[in-house]
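Biologist: Can you walk me through this protein at a first-year pace? I'll ask, you explain.

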Amino acid sequence: MAASPHTLSSRLLTGSVGGCVWYLERRTIQELPHRVTRLFRNVNNQWVMVQHLSFLKRMYVTQLHRGLSQRVKPKPEPATSPFLEHMSSGQARAEVDELPSLSASSLPLSQKPNEELMELKAASIVEHAVDTAKETKEERQWKEMKLHADDLPGILARLSKIKLTALVVSTTSAGFALAPGPFDWSCFLLTSLGTGLASCAANSINQFFEVPFDSNMNRTKNRPLVRGQISPLLAVSFATCCAVPGVALLTWGVNPLTGALGVFNIFLYTCCYTPLKRISIANTWVGAVVGAIPPVMGWTAATGSLDAGALLLGGILYSWQFPHFNALSWGLREDYSRGGYCMMSVTHPALCRHVALRHCLALIALSTAAPILNVTTWAFPIISLPINLYISYLGFRFYVDADRRSSRKLFFCSLWHLPLLLLLMLTCKQRPGREGDKGEAPS
């Protein structure tokens with residue numbers, strides 16, 4: 001009678017010892033698949049954690065053990081020039097000096113004057129090759145980047161995205177100027193300063209969160225945190241020093257409604273828009289809301305209320321951002337793919353072009369609604385129609401052609417379209433008391 005496979009080890013043992021061995025073998029074989037499955041599941045979970053935290057860990061170790069890193073000797077590198085591959089610079093110069101020179105009598109008359117010139121050229125070539133090899137070797141060696149006080153303002157300006165901050169402050173100023181009522185210079189300056197500080201804080205926190213992903217993109221690989229020009233602690237400290245006084249100025253220097261909008265915009269940009277960029281294409285719509293809030297803050301700073309005029313200005317900025325950003329992201333699709341960002345231009349290219357065209361046409365409708373809501377006169381939709389039609393035409397070409405040339409034209413058009421549109425709105429602003437003057441009967 002054939003023996004069971006579970007009793008192979010128990011043949012040599014009898015009694016209670018053999019029974020224990022048989023029981024342990026059987027239990028091990030039954031639980032082996034479950035243990036293997038649990039092991040792979042734990043390994044996958046740990047790999048996800050390591051993948052997201054490895055970059056910050058390397059950064060922390062580099063900052064903490066900077067002195068130890070300086071003592072690491074780089075590997076010897078071969079010379080770049082094949083001519084100097086097996087000789088040092090002194091040996092090369094010695095061999096050049098020891099080259100046998102031809103006698104003057106053996107050379108033709110046409111070559112005698114060029115003898116010294118040829119020797120000088122050969123020596124200069126060798127010296128140039130030696131210097132190039134030394135410079136290349138020095139450039140490849142690891143060097144510690146030291147922060148100087150003179151470089152700090154420029155680094156902080158790039159950390160806070162100073163150009164984007166200037167655009168945010170300009171749209172806030174336009175909302176303040178278009179609001180009805182007298183123009184208060186002190187309130188205007190406090191609003192502009194507080195909005196600028198809030199924007200600097202939001203942009204700095206955004207770069208702090210996106211360091212591992214920005215390092216994979218050509219567009220963002222030279223940012224200060226990616227290059228290690230400043231530490232993450234300094235970036236967070238700078239963001240805190242901008243956010244606290246910025247929100248305080250908007251809340252107590254202007255009014256609580258404007259301060260609440262500033263806090264909400266910082267939260268929306270850092271905690272909603274930034275993580276959504278790697279999850280869903282809905283990040284574009286959330287980012288458009290972030291860009292639409294600054295002119296609303298300017299309106300509420302001047303009036304203290306949130307009415308139809310403020311929503312109209314927010315709608316114009318909301319619609320303008322889609323042709324602007326969609327055209328920009330179309331030329332950066334490869335970069336966004338390397339960075340792992342989920343953008344319409346990468347995952348839904350047809351939707352990207354359709355949304356850009358739709359919001360170009362929406363700018364015409366919003367400009368027509370401005371005099372209806374008593375924000376501007378009826379001259380505004382007429383004089384703004386040419387530039388709105390032009391950007392709509394470029395949006396249509398981008399929708400049809402779907403190439404880099406059309407997207408670049410639409411992007412550059414959006415850069416001058418928004419300032420000109422806001423300037424035309426300010427020129428055609430509805431003056432207070434004009435509606436009442438029209439309604440009065442002559443006495």
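Here is our chat about the fold, the surface, the pocket and a few residues.

Biologist: Before we zoom in, how many helices and strands does the protein chain have?
Modeller: Keep in mind that this is a predicted model. Strands are easy to count here, since there are 0 of them. The secondary structure of the protein chain comes to 20 helices and 0 strands.

Biologist: What percentage of the contacts with a separation of 6 or more is between residues 24 or more positions apart?
Modeller: Here we look at contacts in the protein chain with a separation of 6 or more. We then ask which of them join residues 24 or more positions apart. That share is 72%.

Biologist: And what percentage of the 443 residues is buried?
Modeller: A residue is called buried when its relative accessible area is under 20%. Going through the 443 residues of the protein chain with that cut-off, the buried share is 38%.

Biologist: Now the outside. Which helix supplies the largest share of the nonpolar patch?
Modeller: The patch covers about 580 Å² and is made by Y390, Y393, W416, L420, L423 and L426. Two helices, α18 (385-401) and α19 (404-427), each supply at least two of its residues. L423, for one, lies in α19. With 4 residues, the largest share comes from α19.

Biologist: I'd like to see the largest pocket too. How much space lies in it?
Modeller: Its lining has 50 residues, and K161, L164, N203, R219 and Y269 lie nearest its centre. Several helices each supply at least two lining residues, including α6 (162-178), α7 (185-209) and α19. The space in this pocket comes to about 1,400 Å³.

Biologist: K161 lies nearest the centre along with four others. Is K161 buried or exposed?
Modeller: K161 sits in the loop between α5 and α6. Its phi is near 50°, a positive value in a residue other than glycine. Most residues other than glycine have a negative phi. For the accessibility, the cut-off for buried is under 20%, and K161 has a relative accessible area of 18%, so K161 is buried.

Biologist: Where does A402 lie?
Modeller: A402 also has a positive phi, about 60°, although it is not a glycine. At 27% relative accessibility, A402 counts as partly exposed. Its place is the loop between α18 and α19.

Biologist: On to charges. Which residue does R404 meet in a salt bridge?
Modeller: Side chains of opposite charge can pair when their charged atoms come close. The structure holds 5 salt bridges, and in this one the N to O distance is 3.0 Å. The pair links distant parts of the chain, 70 residues apart: R404 is in helix α19 and its partner is in helix α14 (residues 333-339). The partner is E334.

Biologist: How far apart are the closest N and O atoms of R338 and D335?
Modeller: Being 3 residues apart in helix α14, R338 and D335 are separated by about one helical turn. R338 is partly exposed, with a relative accessible area of 44%, whereas D335 is buried at 6%. Their closest N and O atoms are 2.3 Å apart.

Biologist: Which residue forms a salt bridge with R397?
Modeller: The two partners are 4 residues apart in helix α18, which means about one helical turn separates them. R397 is partly exposed at 28% relative accessible area, and the closest N and O atoms of the pair are 3.0 Å apart. The partner of R397 is D401.

Biologist: Leaving aside neighbours within four places in sequence, which residues is N216 in contact with?
Modeller: N216 is found in the loop between α8 (211-214) and α9 (224-227). At 40% relative accessibility, N216 counts as partly exposed. With neighbours within four places in sequence left aside, the contacts are R338 and G339.

Biologist: One last pick: which residues is S192 in contact with, again leaving aside neighbours within four places in sequence?
Modeller: S192 has its place in helix α7. The relative accessible area of S192 is 15%, so S192 is buried. Beyond neighbours within four places in sequence, S192 is in contact with V169 and S173.

Key
Residues numbered from 1 in each chain as written. Predicted model: local features only at pLDDT ≥ 70, side-chain atom pairs only at ≥ 80, totals over all residues. Heavy atoms only, no water. Buried < 20%, exposed > 50% of the residue type's maximum accessible area, 1.4 Å probe, protein only. Contact = heavy atoms within 4.5 Å. Patch = residues over 30% accessible without salt bridge, like charges linked within 9 Å, V, L, I, M, F, W, Y side chains within 5 Å. Areas by Shrake-Rupley, 256 points an atom, 1.4 Å probe, with all protein chains shown as cover. Salt bridge = Lys/Arg side-chain N within 4 Å of Asp/Glu carboxyl O. 1 Å grid on protein atoms, 1.4 Å probe; cavity = no way out; pocket = protein on both sides within 12 Å on 5 of 7 lines; lining within 4 Å. Points joined across faces, edges and corners; volume = space filled by probe spheres on them.
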